[in-house]
Amino acid sequence: MTQNNKMSLTTRIMLGMVTGVFLGLLFQFILGNKEDVLIPLGLFDLAVKGFFVDGLFHIGGQIFIASLKMLVVPLVFISLVCGTCSLSDPKKLGRLGGKSIALYLTTTAIAITVAISLALLVSPGVGYDVPTEAAFDAKQAPTLTQVIINMFPTNPINAMAEGNMLQVIVFALLFGIAMALSGEPGKRVAKVFDDLNTVVLKLVTILMNLAPIGVFCLMAKLFTTIEMGLILGLAKYFFTVLAALFIHALINYSALLKVLTGLSPVTFLTKMKDACMFAFSTSSSSATMPVTLETATKKLGAHNSVASFTVPLGATINMDGTAIMQGVATVFIAQVFAVDLTISDYLMVILTATLASVGTAGVPGVGLIMLAMVLNQVGLPVEGIAIIMGVDRLLDMTRTAVNVTGDCMVTCVVAKSENEFDTHVFNDPNAAKALEKID
């Protein structure tokens, strides 16, 4: 057995992440203000940016993300069909949906409340000079009515090809219900889907073991190209958002989990490590979904009949991390432009951001669209978004990790309430190692 196999997956991912960050910062130091630097190797020269950053790191990172995204639609569709067709009580779907959406909206409202409170305490925008070139083109957000209509696909195959997760979820639910009501033919098809589910989950496991390389490439490129000067200039805003994210992930989620289920928050957070590192490195809840679903079922003990519904739904509408950014950004922009917001304005921000998390579900660039909606609602200049966009990349990575943690927390709560939860798996420390093995 090689040393690579002896090392845990968590350790290998962390090693890849740290090495990538170090190498990226080293390359940024070497490049300085230059377009590129050549490293002499005797017979030929290697370009730091051209060969490594835009070449090896870019290719490796994008292949890793593409591989994860490749699995999202088949994994969600197959898992959700398997979970739905196994439900003995059709009314259970209604309960699952009601509980999940209510919890996701509640955590989003709590998140933005914490963010606004912390930002008002810290005042990150006081004394900040407004850049004269600040400009931002806000895209129009779809109405809630349009989102509800668009949830139902006219062409399910096209919905899968485009990765429209709400439409895939709806079609999978209807297909699973039809299988459950079809008697013997439905049972025969269910066996095929069970086998497909096993194969897809094996593919997820294989890709997870290749994750350290992908994480290394993503971190190396990011920290070579990231502008550290912008972060220093917006340090107060940057660290206020980070603090709010950590408070929500470590305190709010832990309190909700303990109160609603009695489960140990320490055990929960410990088993979330791999999924959070995936989310941090990919900066995409959708790309992390295969890992999130595996974590919820194999590590935390939620049954697939619940997790296959709550995890894809959460990846689509659960935007606690984004809501935190919006709360701090609203206070920051108001202070920068010297606009006094009233208590009713802040309450409107909380309500708008909470409802917008569903109303803009599945829309590209959803975070900035939601923020534009919030700013317009309270009369703040949308141009303020341009000020914070430069530091949003690192914050986006962190809030994705928070969103994924929220998806799994809600999954545990809903599964426990439906008696579809294996407490032995949750408390078993060896269950955390199951995803690191390839049979």
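Begin by selecting every cysteine sulfur in this predicted model. A search of the whole structure returns zero disulfides. Cysteine 276 takes part in no disulfide, and the nearest cysteine sulfur, belonging to cysteine 408, is 7.9 Å away. Now display cysteine 412 beside cysteine 408. Why is there no bond here? The sulfur of cysteine 412 is 6.6 Å from the sulfur of cysteine 408, the closest one, and this is too far for a bond, since a disulfide requires sulfur atoms within 2.5 Å. Colour the residues by accessibility next: cysteine 412 is buried, with a relative accessible area of 1%. Cysteine 276 is also buried, at a relative accessible area of 19%, a value that falls under the 20% cut-off.

Keep cysteine 276 selected and turn to the second largest pocket. Its volume is about 540 Å³. Which residues lie nearest the centre of this pocket? They are Phe246, Cys276, Phe280, Thr398 and Ala401, out of 22 lining residues. To see the walls by helix, select α2, α11 (235-261), α13 (273-282) and α20 (392-417), each of which supplies at least two residues of the lining. The largest share, six residues, comes from α11.

From the pocket, move to one of these contributors, helix α2, and select residues 9-31. A distance drawn from the first C-alpha to the last of its 23 residues spans 32 Å, close to the 33 Å expected at 1.5 Å a residue. Show the side chains to find which parts of α2 are buried: the set is Leu9, Thr10, Arg12, Ile13, Gly16, Met17, Gly20, Gly24, Phe27 and Leu31. In an α-helix, residues three or four places apart point the same way, because there are 3.6 residues a turn. Just after α2 comes glycine 32, which has a positive phi near 60 degrees.

The next stop is the largest nonpolar core, which holds 123 residues. Select Tyr237 and Phe268, the two that touch the most other members. Helix α3 (residues 48-85) gives the most to this core, with 14 residues. A second core lies apart from this one; among its nine residues are Leu46, Phe52, Val53 and Ala220.

Finish by centring the view on tyrosine 237 and expanding the selection to its contacts. Which residues surround tyrosine 237, leaving aside neighbours within four places in sequence? The contacts are Pro124, Met325, Val328, Ala329, Phe332, Ile388, Val391 and Leu395.

How values were computed:
Residues numbered from 1 in each chain as written. Predicted model: local features only at pLDDT ≥ 70, side-chain atom pairs only at ≥ 80, totals over all residues. Heavy atoms only, no water. Core = buried A, V, L, I, M, F, W, Y, C linked by side-chain atoms within 4.5 Å. Buried < 20%, exposed > 50% of the residue type's maximum accessible area, 1.4 Å probe, protein only. Helix = DSSP H or I, 4+ residues; strand = E, 2+ residues; numbered from the N terminus. Contact = heavy atoms within 4.5 Å. Expected span 1.5 Å × (residues − 1). 1 Å grid on protein atoms, 1.4 Å probe; cavity = no way out; pocket = protein on both sides within 12 Å on 5 of 7 lines; lining within 4 Å. Points joined across faces, edges and corners; volume = space filled by probe spheres on them.
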